[in-house]
Amino acid sequence: MQLPPKVTDRAFARLHEIGAAADGKALRIAVEGGGCSGFQYDIRLDEVADEDLVLSGSGESVLIDPVSLPFLAEAVIDFTDELIGARFVIENPNASSSCGCGTSFSM
């Protein structure tokens, strides 16, 4: 049995800073075909759908649809603020390789 993804406190804190829940939104993490490595992450604010896995913390939520869930099993969703920019990042143990931008991966 695969474990669901985890969301760091830093990622929940960033969602709180941008007021996602106050706007009735949550962070959606989805996996789509495409990108330079075969799959790509779609990261955006969205509303909850009935079939979503909802990961909650600090009054905020992260959503993962059932199709994307197997690709994200045991992944860690974090937020980083570096010289190259601030962004949500995914450390995915299921990815065999990824591109330099971190939004595209292969399995």
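This is a guided tour of the structure above, stop by stop, with what to select at each one.

**Before you start**

The model is a predicted one, in which local features need pLDDT of at least 70 and side-chain atom pairs count only at pLDDT 80 or more, while totals for chains, interfaces and linings use all residues. Residues are numbered from 1 along each chain as its sequence is written, and side-chain values use heavy atoms, with hydrogens and water left out.

**Stop 1: the sheet of strands 1, 6 and 7**

Select strands 1, 6 and 7, which form an open sheet of three strands in the order 1-6-7, with mixed pairing. Helices (H or I, at least four residues) and strands (E, at least two) are DSSP runs, numbered from the N terminus, and two strands pair if DSSP finds at least two bridges between them. Strand 1 (6–7) and strand 7 (85–91) are the edge strands, each pairing on one side only. Between strand 1 and strand 6 there are two bridges in the parallel sense, and K6 can be found opposite V76 of strand 6.

Now add helix 1 (residues 9–18), which packs on this sheet and touches strand 1, strand 6 and strand 7, its direction making about 65° with that of strand 6. The angle is taken between N-to-C directions, on a scale from 0 to 180 degrees, with axes fitted as lines to C-alpha atoms, for helices over the stretch in contact; touching, or contact, means heavy atoms within 4.5 Å.

**Stop 2: T80 in strand 6**

Stay in strand 6 and select T80, which counts as buried at 15% relative accessibility. Here buried means under 20% relative accessible area, exposed means over 50%, and partly exposed lies in between (1.4 Å probe, protein chains only). The T80 side chain makes a polar contact with the side chain of E82, at 3.1 Å; such a contact is a pair of N or O atoms within 3.5 Å, where within protein one must be able to donate a hydrogen and the other to accept it, and residues adjacent in sequence count only if both atoms are side-chain atoms. Apart from neighbours within four places in sequence, T80 is in contact with G85, A86, R87 and V89.

**Stop 3: strand 5 and its partners**

Move next to strand 5, where five of the five residues are buried, so the strand is largely enclosed by the rest of the structure. Colouring its two faces separately is instructive: E60, V62 and I64 lie on one side, S61 and L63 on the other, and all are buried. In a regular strand the side chains alternate between the two faces of the sheet.

Strand 5 runs parallel to strand 2, to which two bridges join it, with V62 as the bridge partner of L27. With strand 4 (residues 53–57) the pairing of strand 5 is antiparallel, over five bridges, and L53 stands opposite I64. The hairpin of strands 4 and 5 has two residues between the strands, and S58 in this hairpin takes a positive phi near 55°.

**Stop 4: the largest nonpolar core**

Keep V62 selected and show its surroundings: not counting residues up to four places away in sequence, V62 touches V7, F12, L15, L27, I29, L53, V54, L55 and I77. V62 is also among the residues that touch the most other members of the largest nonpolar core, which has 18 residues; the others are V7, L15, I29, L72, I77 and I90. A nonpolar core is a set of buried Ala, Val, Leu, Ile, Met, Phe, Trp, Tyr and Cys residues joined through side-chain atoms within 4.5 Å. At least two residues of this core come from each of helix 1, strand 2, strand 5, strand 6 and strand 7.

**Stop 5: A30 in strand 2**

In strand 2, select A30, which is buried with a relative accessible area of 7%. A30 and S68 are 38 residues apart in sequence, yet their C-alpha atoms lie 5.5 Å apart in space.

**Stop 6: two aromatic pairs**

Finish with the rings of Phe, Tyr and Trp (its six-membered ring), which pair if their centres lie within 6.5 Å, and count as stacked with planes under 30 degrees apart, edge-to-face over 60 and tilted for the rest. The count is two aromatic pairs. In F39 and F71 the ring centres are 5.0 Å apart and the planes are at 45°, so this pair is tilted. F39 belongs to strand 3 (residues 39–46) and F71 to the loop between strand 5 (60–64) and strand 6 (76–82), 32 residues apart. In F79 and F88 the centres are 5.1 Å apart and the planes are at 65°, so that pair is edge-to-face. F79 is buried, with a relative accessible area of 10%, and F88 is buried at 16%.
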